[in-house]
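Biologist: I keep meeting words like "buried" and "salt bridge", and I'd like to know what earns them. Can we go through a few together?

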Amino acid sequence: MSYQPLQVDPNQQVAATVLCCNCGVPMDGSGGLVMCYDCIKLTVDITDGIPREANVSFCRNCERFLQPPGQWIRAELESRELLALCLRRLKGLNKVRLIDASFIWTEPHSRRIKVKLTVQGEAMTNTIIQQSFEVEYVVMAMQCPDCAKSYTVNTWRAAVQIRQKVAHKRTFLFLEQLILKHNAHVDTISIQESKDGLDFFYASRSHALKMIDFLNSVAPIKYKKSEELISQDTHTGNNSYKFTFSVEIVPICRDDLVILPKKIAHSLGNISRVVICSKVTNTIQFMDVNTLQTADLSATVFWKKPFPTLAEATQLVEFIVLDVEPTGEVKGKHVLADVTVARAADMGVNDREFFVRSHLGGILHPGDSVMGYYTVNSNYNSDLWDDLDSSNVPDVVLIKKHYQKKRKFRNWKLKRMAKEHNDIVANEESRAARQEAERAEKDYEIFLQELEEDAELRQAINLYKDTNAVAPPVDENAMEDEDIDEDAPEVDIDELLDELDDMTLEEH
């Protein structure tokens, strides 16, 4: 094997190599350095003067952080807003160049926030080094001025009064869950529950208008504003007002039986005048159970000439299904069918049967129970009902399938808003208070059953796992006598959220 001599270009300049004065490692000495890069990082600290500990102030009532000098901002844990606030609180950071910043996970209840920073800085002449270090922030609990004002009397500057002229509170229960899901109640000073609705109190008019915009996007409403002069400065011309927004929700709820006026029915595509309310969002959706035709009515059109419902869901009557014959027409989850039913109260008394057309052909079977409106022997105080042609009026209008549920065990729960009851309801010895509490409990149970039966309704709100739920003991002897539907709908465990996923810093 022969070796070829190394060819060296005489024009190529070879950098001088020196030994590090600290560790003796060969290095490039052309820059005049006497110490290698690793030894410079060990001996020179470019983060000197940057504290490793700092404090952030947090209000436990409104869940906001203090951004000095006096601004309170809302920031979620490990969010960009919170990271920016932490970096602003760090003194001496302007002396170096920030390369990267990220959170280090800590126990949520520890009241500690750790941030890992990577910075660059000049250690010596013409020498830039990069270092990483951690900063620990201690969350100091305190009270912001806005929350401090809320504990004194007459501090609110704007109020939103929500009302609906119906005999139940199912609409408010659903609205409460929408508010909680979208966190629309964060700016409220207090929430007061009244007999006919809810009152939200705010420290500023802008917060109340924000709530009005949210309500307008999720419910068919109308509102009017009133203002009251509190004080007036004659020298500066400054006036202080209190604003009250009166919000009224359309008095039509889901599953209500409605008779449409002729002009409105014509404008909605000549839909039948006898319809049911199938959905309520920021518009009202009506459906003709005979044809599956649907139409949406906006709140603006309704309030121009409002009309009442003919019958509410509290007036539903139980029927027994005798026969079901699908017609073949399907629209979404609804299947049109001809159904033969008999009133449950008439079973064994007479043989009166009703032949009706229904949208529930996909879920009804002979022997099932179904809830509907018994219109044939009903007396309604309605001019719209009297104007109808009696030959086109159905004897029975079926609304929903009825499941025999006797087990009230649920592995899920809903969050509720903290509300302040007024003096009449808060008096436990009052008879009216007890009746109001019983009615509210009944409405809440009906609302929970509706959530179990309607998957589309559950998608709009958040359901949480109930870790404290205990299943009742099973009595085999009692189960034989109970008539419980095995196909009764239940909430799937995959639809439930863990409270830790939604928990705020205060709850930790």
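**What earns the label**

Modeller: Sure, let's start with Q177, which sits in helix α4, residues 170-181. Keep in mind that this is a predicted model.

Biologist: Why is Q177 called buried?

Modeller: Its relative accessible area is 3%. Buried means under 20%, so Q177 gets that label.

Biologist: And which residues does Q177 touch, if we skip its neighbours within four places in sequence?

Modeller: It is in contact with L414, K415, R416, F447, I461 and N462.

Biologist: Now helix α4 itself. What makes α4 oblique to α5?

Modeller: The axes of α4 and α5 (residues 205-218) cross at roughly 120 degrees, coming within 11 Å. Roughly perpendicular covers 65 to 115 degrees and roughly antiparallel starts over 145. An angle of roughly 120 degrees fits neither, so α4 is oblique to α5. The crossing is also right-handed.

Biologist: Which residues meet where α4 and α5 touch?

Modeller: From α4 you have L175, L178 and I179, and from α5 there are M211, F214, L215 and V218. The residues of this contact divide into seven nonpolar, no polar and no charged.

Biologist: On to salt bridges. How many does the structure hold?

Modeller: There are 16.

Biologist: How do you know that D454 and R254 form a salt bridge?

Modeller: Their closest N and O atoms are 2.2 Å apart. The cut-off is within 4 Å, so the pair counts as a salt bridge. D454 lies in the loop between α10 (431-453) and α11 (455-458), while R254 lies in the loop between β13 (239-249) and β14 (257-259), so the pair ties together parts that are 200 residues apart in sequence.

Biologist: Are those two partners buried or exposed?

Modeller: D454 is buried, at 8% relative accessible area. R254 comes out at 21%. Buried needs a value under 20% and exposed needs one over 50%, so R254 is partly exposed.

Biologist: What makes E456 and K333 a salt bridge?

Modeller: Here the closest N and O atoms are 3.9 Å apart. That is still within 4 Å, so the pair qualifies. E456 is in helix α11 and K333 in the loop between β18 (317-331) and β19 (334-343), which puts these linked parts of the chain 123 residues apart.

Biologist: Why is K333 called exposed, and E456 partly exposed?

Modeller: K333 has a relative accessible area of 56%, and exposed means over 50%. E456 has 39%, which falls between the two cut-offs of 20% and 50%, so E456 is partly exposed.

Biologist: What about D346 and R343?

Modeller: Their side chains meet in a salt bridge at 3.0 Å, N to O. D346 has 7% relative accessibility, so D346 counts as buried, whereas R343 has 22% and counts as partly exposed. Salt bridges that share partners also join R254, K279, K333, D454 and E456 into one network.

Biologist: One last residue: why does E450 count as buried?

Modeller: E450 is in helix α10, and its relative accessibility is 8%. That is under 20%, so buried is the right word.

Biologist: Which residues does E450 touch, not counting those up to four places away in sequence?

Modeller: R170, R254, D255, K400 and L457. You've already met R254 as the salt-bridge partner of D454.

Definitions and conventions. Residues numbered from 1 in each chain as written. Predicted model: local features only at pLDDT ≥ 70, side-chain atom pairs only at ≥ 80, totals over all residues. Heavy atoms only, no water. Helix = DSSP H or I, 4+ residues; strand = E, 2+ residues; numbered from the N terminus. Buried < 20%, exposed > 50% of the residue type's maximum accessible area, 1.4 Å probe, protein only. Contact = heavy atoms within 4.5 Å. Axes fitted to C-alpha atoms, helices over the stretch in contact; angles between N-to-C directions. Parallel < 35°, antiparallel > 145°, perpendicular 65-115°, else oblique. Left-handed = near helix turned anticlockwise from the far one by under 90°. Nonpolar A, V, L, I, M, F, W, Y, C, P; charged D, E, K, R; others polar.
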